[in-house]
Amino acid sequence: NPTFDDNNTSFRAVLQRQLESGMVYASYATGYRSGGFNGSHYDAANDTADGFDEEEITSVEIGFKSDFMDGRARLNATLFKYEYDNLQVSQLLANDNGTVSSSITNSGSTKRDGLETSLMFSATDDMLVSLAYTINNGDFENFPALITDAANGSVVMETAHLAKRSSPDSSLNFNVDWTLMRKADSTLHWT
């Protein structure tokens, strides 16, 4: 019978300093997602249950949060860096009977770094205007083939070059939340 041994101690350390109109902070954290077994797939090639390892992450963030214009405006910004080891991803398996099943496997390591900023401004008591900009760098350093033969583990279709992170390199979001009408028991918003 297969066994699984998985233990991990994670932590988070934060330094923060209050300022007159906000704060600055830095954090360092580790975390993990437990490994396990794919219950619906048995590794016939090796005559074993199909297990996957725990995923681990290290996170570093440095940023600030500030309020100004008598609390009507807020500006936040964060520089971040994430490093994953044994990132868990879903892999498709082509079965001998023509069906396809999925299995969780470890892709190796990946890194992300970037910047998140947001500006919110209360133009009136009924209108909040928001602007957010994000820069996101990094991609998978290793990635398994997405489609493999379930019986022997051979690659059916090489797709590792197609595996990219699902978020764009940068994004800009603009939003207006406007309360058009207030009644005793309801409000009407336009966003």
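## Overall layout

In what order do the elements of the protein run from the N terminus on? Reading along the chain, you get β-β-β-β-β-β-β-β-β-β-β-β-β-β. Put as a count, that is 14 strands and zero helices. Keep in mind that you're looking at a predicted model.

As for the overall numbers, the protein has 191 residues, and 27% of them are buried. Its accessible surface adds up to about 12500 Å², with carbon and sulfur atoms accounting for 53% of that. If you take the contacts with a separation of 6 or more, 57% are between residues 24 or more positions apart.

## The open sheet

Eight strands come together in an open sheet, and the pairing is antiparallel. Walk across the sheet and you meet them in the order S1-S2-S5-S6-S9-S10-S13-S14. At the edges sit strand S1 (12-19) and strand S14 (187-190), each of which pairs on one side only. From one strand to the next, the twist averages 15°. As a general reminder, strands of a sheet pair through backbone hydrogen bonds, either parallel or antiparallel.

## S5, S6 and the loop between

Let's zoom in on one pair. S5 and strand S6 (residues 73-85) are joined by 13 bridges in the antiparallel sense. For a concrete example, take Glu61: its bridge partner in S6 is Phe80.

The loop between S5 and S6 is where you'll find Asp70. Is Asp70 buried or exposed? Its relative accessible area is 82%, so Asp70 is exposed. Asp70 also has a spatial link to an earlier part of the chain: Ser21 is 49 residues away in sequence, yet the C-alpha to C-alpha distance is 9.4 Å.

## A nonpolar patch on the surface

Now for the outside of the protein. Which residues form the nonpolar patch on the surface? They are Leu19, Val24, Phe64, Phe68, Met69, Leu75, Leu119, Leu131, Tyr133, Leu172 and Phe174, and together they have about 960 Å² of accessible area. Strand S5 (55-68), strand S10 (127-137) and strand S13 (170-182) each chip in at least two residues of the patch.

Leu119 is one of the patch residues, and its place is in strand S9 (residues 109-124). Why does Leu119 count as partly exposed? Its relative accessibility is 36%, and partly exposed covers the range between the 20% cut-off for buried and the 50% cut-off for exposed.

How values were computed:
Residues numbered from 1 in each chain as written. Predicted model: local features only at pLDDT ≥ 70, side-chain atom pairs only at ≥ 80, totals over all residues. Heavy atoms only, no water. Patch = residues over 30% accessible without salt bridge, like charges linked within 9 Å, V, L, I, M, F, W, Y side chains within 5 Å. Areas by Shrake-Rupley, 256 points an atom, 1.4 Å probe, with all protein chains shown as cover. Salt bridge = Lys/Arg side-chain N within 4 Å of Asp/Glu carboxyl O. Helix = DSSP H or I, 4+ residues; strand = E, 2+ residues; numbered from the N terminus. Buried < 20%, exposed > 50% of the residue type's maximum accessible area, 1.4 Å probe, protein only. Pairing = 2+ DSSP bridges. Axes fitted to C-alpha atoms, helices over the stretch in contact; angles between N-to-C directions. Contact = heavy atoms within 4.5 Å.
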